[in-house]
Amino acid sequence: MKYLSTRGGVEPVGFAEAVMMGLATDGGLLVPESLPKISAEQLQAWSRLSFQDLACEVMRPFVGEDLSAAELQDLVYRSYASFQHPDITPLAQAGERRILELFHGPTAAFKDVALQFLGNLFEHFLARSGERLNIIGATSGDTGSAAIAGVRGKERIQIFILHPKGRVSPVQERQMTTVLDDNVHNLALRGTFDDAQRIVKALFSDLAFKTRYRLGAVNSINWARILAQTVYYFYAWGRLSGGNLKQKISFSVPTGNFGDVFAGYLARRMGLPIERLILATNRNDILTRFVHHGLYSLTSVHHTLSPAMDIQVASNFERYLYYLLDEDAAAVSARVTAMQRDGRIEFSRTEHQRAAEDFVASAVSDVDTLEQMRATYSGTGYLLCPHTAVGVRAAAPWPDAVCLATAHPAKFNQAVREAVGVDAPPPLCLQGLLDKPSRCEELAADTSAVRERLKTTLDAP
Ligand SMILES: *Cc1c(COP(=O)(O)O)cnc(C)c1O
């Protein structure tokens with residue numbers, strides 16, 4: 001399988017190169033040159049597989065020659081050994097509502113499903129090439145801890161995560177700073193999240209520095225993350241349908257960067273019988289407005305109770321755009337240019353109609369999010385995290401839809417307490433965090449201070 005850029009400016013590359021490249025070198029996103037079609041027989045056979053064996057089957061056509069079947073199997077099994085549930089992504093019930101729990105990984109959020117696998121992929125490909133990778137990222141909470149958990153202790157990788165000092169929740173801070181592996185560097189900046197992001201951007205745009213120090217990112221534009229996330233759609237369908245192809249299933253997906261729901265869209269394009277994809281946003285509703293009105297236009301970011309979805313520019317949107325425009329890279333480039341120039345993309349009537357067939361969308365306010373958490377808890381005893389509650393609320397007209405649970409409620413106890421008056425009992429990975437030894441360095445929110453700090457580690461013999 002070869003990968004192309006959504007903007008057409010990259011010679012086709014293999015899976016390993018696509019994974020190591022992350023963002024395409026022409027600024028676009030990497031997509032497979034074609035999508036495999038899964039036959040009815042395959043879907044039926046897959047419905048009986050464990051999560052891990054299913055993951056190997058789903059991923060096999062995408063990895064091509066770059067991993068042998070045995071290598072892929074080894075990577076997949078090691079990646080999901082860190083999960084606390086034997087089903088990896090189990091289905092649960094909240095009354096009549098079906099919930100697909102994606103939070104049983106080491107940081108109790110769904111990003112573990114992709115980042116545990118990505119960390120192992122990086123290590124495998126780096127061992128083969130003899131190269132090194134230095135990951136740098138800014139976090140306001142969830143992504144930092146999942147990225148650290150994905151690469152801690154890995155050979156040939158260093159990770160530097162910048163967070164705004166005192167501005168992430170104590171649990172989130174501890175999830176990062178209690179990881180004591182030598183290759184993990186937590187930098188608490190005396191500044192805001194925007195400062196942290198600005199510094200990371202500045203370091204990446206310093207091309208000489210970026211190349212010399214082999215800087216890389218783990219953000220949600222990496223193709224391997226999307227690929228890993230398609231697996232649980234196949235898994236949930238198999239468990240619920242028993243392989244009956246006549247049974248179509250709907251999913252409700254709380255989304256910010258368009259990553260998770262795009263994985264479901266791909267699964268459907270590959271032939272999975274998905275009825276409806278419900279795209280659920282919070283008050284930051286650029287994607288919902290796109291589906292409703294055929295207009296993709298920027299506004300400002302609002303802080304909500306579901307902070308992992310407080311996003312304006314959805315970084316994976318360009319992948320969907322590529323399919324919406326019939327895989328025409330020149331057309332994608334033109335639209336992206338319009339976006340950069342005008343801050344908006346207008347879609348034709350036909351394009352909008354197609355988008356409205358691909359997704360139904362709903363934007364859920366904080367008030368309704370809390371109300372949903374309360375209603376589900378009092379009706380069924382099941383605690384939703386605020387992100388998951390956004391998806392459950394959006395799915396209200398479709399009681400049969402499976403709702404993706406993207407974080408354990410104990411990660412967002414402030415919202416849980418506000419909604420239902422009790423704390424969620426913490427899973428194992430969140431217990432005792434405040435008493436564990438931690439390591440973190442404080443730095444000025446200043447690009448050259450961070451650059452010097454990176455050099456200190458990376459220039460050491
Ligand atoms: C990252 C995240 C999301 C949004 O995922 P996307 O890939 O941006 O759609 C939702 N919920 C939680 C808890 C997250 O951490």
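Which helices and strands do the buried residues of H6 pack against? The legends below, all for a predicted model, start with that view.

**View 1. Helix H6 and what surrounds its buried residues.** The buried residues of H6 pack against helices H5 and H7, and against three strands: E5 (133-138), E6 (157-164) and E7 (184-190). H6 itself runs over residues 142-151 and is mostly covered, with 9 of its 10 residues buried. Those buried residues are Asp142, Gly144, Ser145, Ala146, Ala147, Ile148, Ala149, Gly150 and Val151. After the helix comes Gly153, which has a positive phi, near 75°. Keep an eye on Asp142, since this residue turns up again at the ligand.

**View 2. Helix H7 and the side chain of Gln175.** In H7, the buried residues are Gln172, Gln175, Met176 and Thr177, and what covers them includes H6, E6 and E7. Zoom in on Gln175, which sits in this helix (residues 170-177). Is Gln175 buried or exposed? Its relative accessibility is 8%, so Gln175 counts as buried, the limit being under 20%. Its side chain makes a polar contact of 3.3 Å with the side chain of Lys411. Setting aside neighbours within four places in sequence, Gln175 is also in contact with Thr107, Ser145, Leu430 and Leu433. Ser145 is one of the buried residues of H6.

**View 3. Phe117 in helix H5.** Phe117 is part of H5, which covers residues 111-129. With a relative accessibility of 0%, Phe117 counts as buried. Once neighbours within four places in sequence are left out, the residues in contact with Phe117 are Met59, Leu72, Leu75, Val76, Ser79, Tyr80, Ala224 and Ala228. For a sense of the fold here, look at Arg78: this residue is 39 residues from Phe117 along the chain, and the two C-alpha atoms are separated by 8.3 Å.

**View 4. The largest nonpolar core, with Phe234 picked out.** This core has 105 residues, and the members touching the most others are Phe15, Tyr233, Phe234, Phe251, Tyr296 and Tyr320. Which helix gives the most to this core? That's H10 (residues 223-241), with 12 residues. Nonpolar side chains tend to be buried together in soluble globular proteins. Take Phe234 as the example: leaving out neighbours within four places in sequence, Phe234 is in contact with Ile38, Leu43, Trp46, Leu54, Val58, Ala267, Met270 and Leu272. There's also a second, separate core, this one of 30 residues, and among them are Ala92, Ala94, Ala419 and Val420.

**View 5. The ligand and its shell.** There are 15 residues around the ligand, and Lys111, Asp142, Thr255, Asn257 and Thr406 come nearest. Sorted by class, the shell has 6 nonpolar, 6 polar and 3 charged residues. Now for the ligand's oxygen atoms. One is 2.9 Å from an N or O atom in the Asp142 side chain. The backbone gets involved too: a ligand oxygen lies 2.6 Å from a polar backbone atom of Asn257, and a ligand oxygen lies 3.3 Å from a polar backbone atom of Asp260. How much of the ligand does the protein bury? Taken alone the ligand exposes 380 Å², and the protein buries 96% of that.

**View 6. Asn413 in helix H18.** Asn413 lies in H18, which spans residues 413-420. At 15% relative accessibility, Asn413 counts as buried, because the limit is under 20%. A polar atom of the Asn413 side chain lies 2.8 Å from the backbone nitrogen of Ala424. Not counting residues up to four places away in sequence, Asn413 touches Asp423 and Ala424. Ala419 and Val420, two residues from the second core, belong in this view as well.

**View 7. Ala444 in strand E15.** Here the residue to find is Ala444, in E15 (residues 441-444). Ala444 is partly exposed, with a relative accessible area of 29%. Leaving aside neighbours within four places in sequence, Ala444 is in contact with Leu189, Arg190 and Ala449. Phe317 is 127 residues away from Ala444 along the chain, and their C-alpha atoms are separated by 34 Å.

Terms used
Residues are numbered from 1 along each chain as its sequence is written. This is a predicted model: local features need pLDDT of at least 70, side-chain atom pairs count only at pLDDT 80 or more; totals for chains, interfaces and linings use all residues. Side-chain values use heavy atoms; hydrogens and water are left out. A nonpolar core is a set of buried Ala, Val, Leu, Ile, Met, Phe, Trp, Tyr and Cys residues joined through side-chain atoms within 4.5 Å. Buried means under 20% relative accessible area, exposed over 50%, partly exposed in between (1.4 Å probe, protein chains only). Helices (H or I, at least four residues) and strands (E, at least two) are DSSP runs, numbered from the N terminus. Contact means heavy atoms within 4.5 Å. A residue is near a molecule or strand if one of its heavy atoms lies within 4 Å of it. A polar contact is a pair of N or O atoms within 3.5 Å; within protein, one must be able to donate a hydrogen and the other to accept it, and residues adjacent in sequence count only if both atoms are side-chain atoms. Accessible areas come from the Shrake-Rupley method with a 1.4 Å probe; for residues, only the protein chains shown count as cover. Ala, Val, Leu, Ile, Met, Phe, Trp, Tyr, Cys and Pro count as nonpolar, Asp, Glu, Lys and Arg as charged, and the others, Gly among them, as polar.
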